[in-house]
Amino acid sequence: MTIEITSNVETSPGGSPGQSTPGASPSPTAAVSLRGVNVSFGKHRVVRDVNLDLVRNRVTALVGPSGCGKTTILRAINRLHDDSGGKVTGQVLVGDLDVYARDTQAELVRSRVGMVFQRPNPFPTMSIFDNVVAGLRLNGVRSKTVLREAAESALHHAALWDLVKDRLHSPAVRLSGGQQQRLCIARALAVEPEVLLMDEPCSALDPIATAKIEELITHLATDVTIGLVTHNMFQATRVSDYTAFFLLGDDRATGELVEYGDTKTIFESPHDPRTRAYVSGEVG
Amino acid sequence: MSTTLLEEVPPPRLTPIEGVKEGLQRRWARPGGRAYAVLRWTGATVFAVIVLGLVVSLLASSSQAFGHSGLSFLWSGTYNATKDIYPTGIFIIGTLITTAVAIILAVPIGVGTAAFLSELAPKWLAGPLSVLIDLIAAVPSIVVGLWGLLVLSPVFARHVEPFLKKIPGLEWFFHGPAYGPSMLLAGTVLAVMILPTIVALSRTALQGVANEDREAARALGATRWQVVRTAVVPGARTGIEAAVILAMGRALGETIAVAMVIGNNNALPHSLLAPGATLGSAIINNFGEANPGLDRSSIIGLVVVLLAITALVNVGGQLLLRRRLRAEGAVA
Amino acid sequence: MSATVFPGGAGIPSDSGALADAIGARRELVRQSARRSLGRRRLVGRIAIGLCVVAVAISLAPLVALVAYTTSRGVKALSWSFLTHIPTPPGIPGGGISSAIVGSLIIIGLAVVMAVPIGTMCALFLVERRGRLAGALRFAADVLTGVPSIALGIFAYAVLVGPGSLIGHFSGLAGSFALAVLMLPIVVRASEAAMRTVPRDLWEAGLALGVRRSRVVRSVVLRGALPGLVTGNLLAVARAVGETAPLLFTVLGSTLLATNPLQPMGALSLTIYSNGTQPYPAAQEIAWGTAFVLLVLVLALSVVARVVSARLNRQAR
């Protein structure tokens with residue numbers, strides 16, 4: 001069985017993926033680049049030695065079986081492990097910002113890197129509007145005009161504006177699950193991040209809501225760089241330009257990046273036999 | 001014979017008498033059903049009888065006072081044989097003032113403590129501290145009262161009250177001689193007693209906030225405190241309100257410790273430093289010497305008033321708590 | 001061994017148009033605002049966290065001071081003869097609190113005998129039955145928990161002590177009854193909560209095997225809920241032991257070593273109240289000693305309740 005790649009590969013960068021040695025300088029097209037990244041919790045190393053770029057204004061899918069460290073790597077990019085006892089070593093760059101440098105403030109990293117979580121998590125006590133502008137307010141933006149413009153723009157981008165423009169001040173929790181997730185996307189977009197991290201954003205949604213979010217993801221990639229963790233191989237083929245395949249290493253405890261390339265290659269002619277086995281087992 | 005797992009299987013339509021007979025047969029014929037059902041129903045019935053008995057007997061015992069004074073009992077109370085007066089209104093005011101003092105002192109401190117224990121402190125510190133506060137919640141009120149009377153009262157008379165009198169702008173609250181026993185001391189002792197309640201319930205409410213909400217704020221660039229302020233505290237608000245209301249119920253109903261430190265003066269207090277009386281302290285101090293008849297009935301009338309106030313507050317708190325639980329259930 | 005492949009080549013589509021400009025401008029604005037405000041935001045946070053630490057200190061200080069002071073005064077008053085002798089008449093030195101200790105134990109023991117079976121049975125009722133009646137009982141229990149304890153004392157007085165009532169004079173039993181009413185809602189709600197932790201499947205598995213319902217309850221539900229039941233009952237006892245208001249007008253207090261629950265008795269809390277409110281140092285000394293004994297008893301019960309629940313929980317797992 002062949003796989004149809006329906007994503008916008010035709011607009012992807014020209015040139016075929018070439019081999020690169022770990023530790024090389026980040027490619028100029030990378031919005032995020034990870035070099036030799038390890039994450040451990042206590043004595044347990046969860047992922048080891050990840051070298052990965054998220055190409056600017058493209059969707060990169062992080063796929064693999066559960067427990068192989070995809071989400072862990074994603075959360076290393078915006079330093080979400082800081083408060084949960086995870087220790088990150090190696091280098092993470094967001095643009096020219098060295099995320100784990102001594103003088104880098106975690107809060108400033110996070111205001112540049114948006115995140116969307118597995119389950120829709122709008123602030124339950126806030127209105128739709130307050131949810132969208134929550135990030136702006138947290139970052140000290142007070143101007144009413146800016147808040148209003150940003151909210152409208154973000155809701156447009158999240159394809160939610162027409163739906164909620166007449167009830168911006170009603171509670172966010174009245175929205176349906178899919179709408180709540182789009183609201184969370186709008187909330188993340190309102191601070192105009194360069195990078196949007198999405199951690200299985202459709203896992204709690206029904207197929208129709210999922211389709212909407214997927215459509216949204218491909219549209220958003222014109223303005224933001226997207227890192228998408230997903231269990232769903234079809235979703236990866238549908239929305240991503242590049243795919244990174246993770247697997248537990250030989251010790252069965254530590255995840256590692258097996259292969260990375262454009263999505264078509266990973267799914268149709270992967271180099272690594274482990275990728276081939278997994279992709280064919282899951283998809284074929 | 002059919003074994004029904006749930007008791008509430010709708011029975012077939014029968015005439016009422018047949019229905020009852022059928023129901024009894026069904027229930028009692030089942031093995032192990034009879035004795036067990038009798039047991040459960042006994043428990044429930046005795047409990048219900050006690051609750052109803054409490055209300056009925058207090059109402060009956062106070063009926064003479066209410067019959068004598070009517071609704072004016074709620075303000076002016078009733079005269080006893082020796083023409084002493086039990087001014088209900090003054091006791092109510094005293095109860096409200098001491099409770100207000102306790103709430104004003106205990107709520108910010110208690111919620112702040114809860115926020116620290118739930119959100120800010122490292123685990124190795126939060127765990128033991130929470131246990132410590134929970135344990136201290138078990139200290140009997142008589143011991144708190146003893147400490148308030150013999151230790152805190154002299155400190156208030158010598159240091160705290162003279163100091164408060166010197167604060168400009170607050171003379172209206174703090175004037176008159178510094179005795180020690182006073183509305184202020186009673187409120188402070190109450191604050192000490194309700195603090196553990198507020199801390200424990202608020203901490204539960206704060207911990208009940210979904211971790212996803214915290215992460216949402218964190219991922220938007222919030223600082224540690226901003227996470228608490230934007231994501232955690234608003235989410236726990238109903239729970240904290242319920243905590244405050246239940247603590248208020250406890251403060252309103254506390255009698256023995258207040259009776260020991262309030263100074264017991266049946267007059268309208270002119271300042272927080274003045275001695276006063278609450279419903280509870282008035283009951284404690286007068287019931288023993290009250291003569292049978294109208295005298296005693298009046299004091300039981302005070303119990304009824306106290307019961308009504310605390311029941312009102314507690315029902316409010318319970319409803320709030322239930323609403324929160326239901327809201328959480330709906331989200332989950 | 002991980003081989004990493006990077007896509008090469010450039011070719012980023014350049015954003016153009018007013019929309020992109022607006023986004024770029026806003027991005028810059030948010031960045032600046034985030035950077036500029038971070039110092040202030042952190043400062044506010046540090047102040048707020050500092051205030052929370054102060055709050056912790058303020059809430060611990062009086063509580064710890066209270067326990068420490070009671071302990072230091074109480075230990076001085078304590079001796080073997082203090083625990084084993086009855087009080088001496090006022091003005092005569094010496095004497096102890098044996099009558100209060102014995103009285104408290106008997107009163108509490110009787111209260112437990114009354115409250116625990118009824119409470120457990122009522123909890124079974126609540127677990128087995130849904131609907132309005134159960135809801136009303138549950139609500140009554142919650143409200144009863146908040147009823148001022150003095151009201152329970154006056155209730156017991158009206159039913160058992162006052163003229164024309166069941167006993168007609170002060171007695172230890174009347175105090176036990178008041179305390180039992182105090183404990184009842186705590187026992188009911190804690191037991192119900194404990195029983196609900198036993199999975200419904202276990203009930204039904206037992207019933208499906210044709211086991212008698214009463215046996216299922218005895219061997220599955222009560223056993224499974226045991227840690228919660230023990231903890232709930234111990235906490236209810238700990239609460240009742242320290243109560244004073246329900247005893248004042250029921251038990252009356254007695255300086256004699258009374259063991260007949262139909263007669264007035266002594267109680268620890270009453271000893272503290274009657275001695276602590278006197279201006280004589282000797283009486284206050286007795287109050288502190290008694291307060292310390294009561295404190296130890298109550299804290300021991302609470303600690304045991306916690307330990308039991310932790311241990312049995314671990315076993316159940």
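**Loops, helices and a shared core in a predicted model**

A:R252 sits in the loop between β10 (242–248) and β11 (255–262) of chain A. The model is a predicted one, and this loop residue is a good place to begin reading it. The phi angle of A:R252 is near 60 degrees, which is a positive value in a residue other than glycine. The surroundings of this arginine are sparse enough for it to count as exposed, because just 7 other C-beta atoms lie within 10 Å and a residue with 12 or fewer falls in that class.

A second positive phi value in chain A belongs to A:E192, where the angle is near 50 degrees, again in a residue other than glycine. This glutamate is found in the loop between α7 (177–190) and β8 (195–199) of chain A. Is A:E192 buried or exposed? With 26 other C-beta atoms within 10 Å, A:E192 is buried, while A:R252 is exposed.

A third residue of chain A, A:L97, lies in strand β6, which spans residues 97–98. A:L97 has 15 other C-beta atoms within 10 Å and is therefore partly exposed, since that class holds whatever falls between the limits for buried and exposed. Leaving out residues up to four places away in sequence, A:L97 touches A:T104 and A:V109. A:V229, 132 residues from A:L97 along the chain, has its C-alpha atom 23 Å from that of A:L97.

Chain B can be described by its helices. How many helices and strands are there in chain B? The count is 13 helices and 0 strands, so the order of elements from the N terminus reads α-α-α-α-α-α-α-α-α-α-α-α-α. Of the 332 residues in this chain, 49% count as buried. Among the contacts in chain B with a separation of 6 or more, 76% join residues that are 24 or more positions apart.

One helix of chain B, α12 (residues 279–287), is mostly covered, with 8 of its 9 residues buried. The buried residues are B:L279, B:G280, B:S281, B:A282, B:I283, B:I284, B:N286 and B:F287. Helix α5 (residues 123–136) of chain B holds B:L129. This leucine counts as partly exposed because it has 18 C-beta neighbours inside 10 Å, whereas 20 or more would be needed for a buried residue. Apart from neighbours within four places in sequence, B:L129 is in contact with B:L117 and B:A121. The C-alpha atom of B:L129 is 9.9 Å from that of B:T113, a residue 16 positions away along the chain.

Two other helices of chain B form a packed pair. Helix α4 (residues 88–120) and helix α10 (residues 237–253) of chain B meet at an angle of about 140 degrees, and their axes are 10 Å apart. That angle makes α4(B) oblique to α10(B), because it falls short of the 145 degrees above which a pair counts as roughly antiparallel. The crossing of the two helices is right-handed. From α4(B), the residues B:T95, B:T99, B:A102, B:I103, B:A106, B:V107 and B:V111 take part, and they meet B:I240, B:V244, B:A247, B:M248, B:A251 and B:L252 of α10(B). By class, this contact has 11 nonpolar, 2 polar and no charged residues.

Which residues have the most contacts inside the largest nonpolar core? They are B:I198 and C:M183, in a core of 281 residues. Not counting residues up to four places away in sequence, B:I198 touches B:A106, B:V107, B:G110, B:V111, B:A243, B:V244 and B:A247. Several of these partners, including B:A106, B:V107, B:V244 and B:A247, also belong to the contact of α4(B) with α10(B).

In chain C, helix α3 (residues 98–128) packs against helix α6 (residues 172–196) at an angle of about 35 degrees, with the axes 6 Å apart. The residues of this contact divide into 22 nonpolar, 7 polar and 2 charged. The crossing of α3(C) and α6(C) is right-handed.

Finally, chains B and C touch each other. The contact takes 77 residues from chain B and 74 residues from chain C. Helix α2 (residues 33–69) of chain B gives the largest share of the chain B side, 19 residues. By class, that side has 49 nonpolar, 23 polar and 5 charged residues.

Conventions
Residues numbered from 1 in each chain as written. Chains lettered and ligands numbered in written order. Predicted model: local features only at pLDDT ≥ 70, side-chain atom pairs only at ≥ 80, totals over all residues. Contact = placed C-beta atoms within 7 Å. Helix = DSSP H or I, 4+ residues; strand = E, 2+ residues; numbered from the N terminus. Nonpolar A, V, L, I, M, F, W, Y, C, P; charged D, E, K, R; others polar. Axes fitted to C-alpha atoms, helices over the stretch in contact; angles between N-to-C directions. Parallel < 35°, antiparallel > 145°, perpendicular 65-115°, else oblique. Left-handed = near helix turned anticlockwise from the far one by under 90°. Core = buried A, V, L, I, M, F, W, Y, C linked by C-beta atoms within 7 Å.
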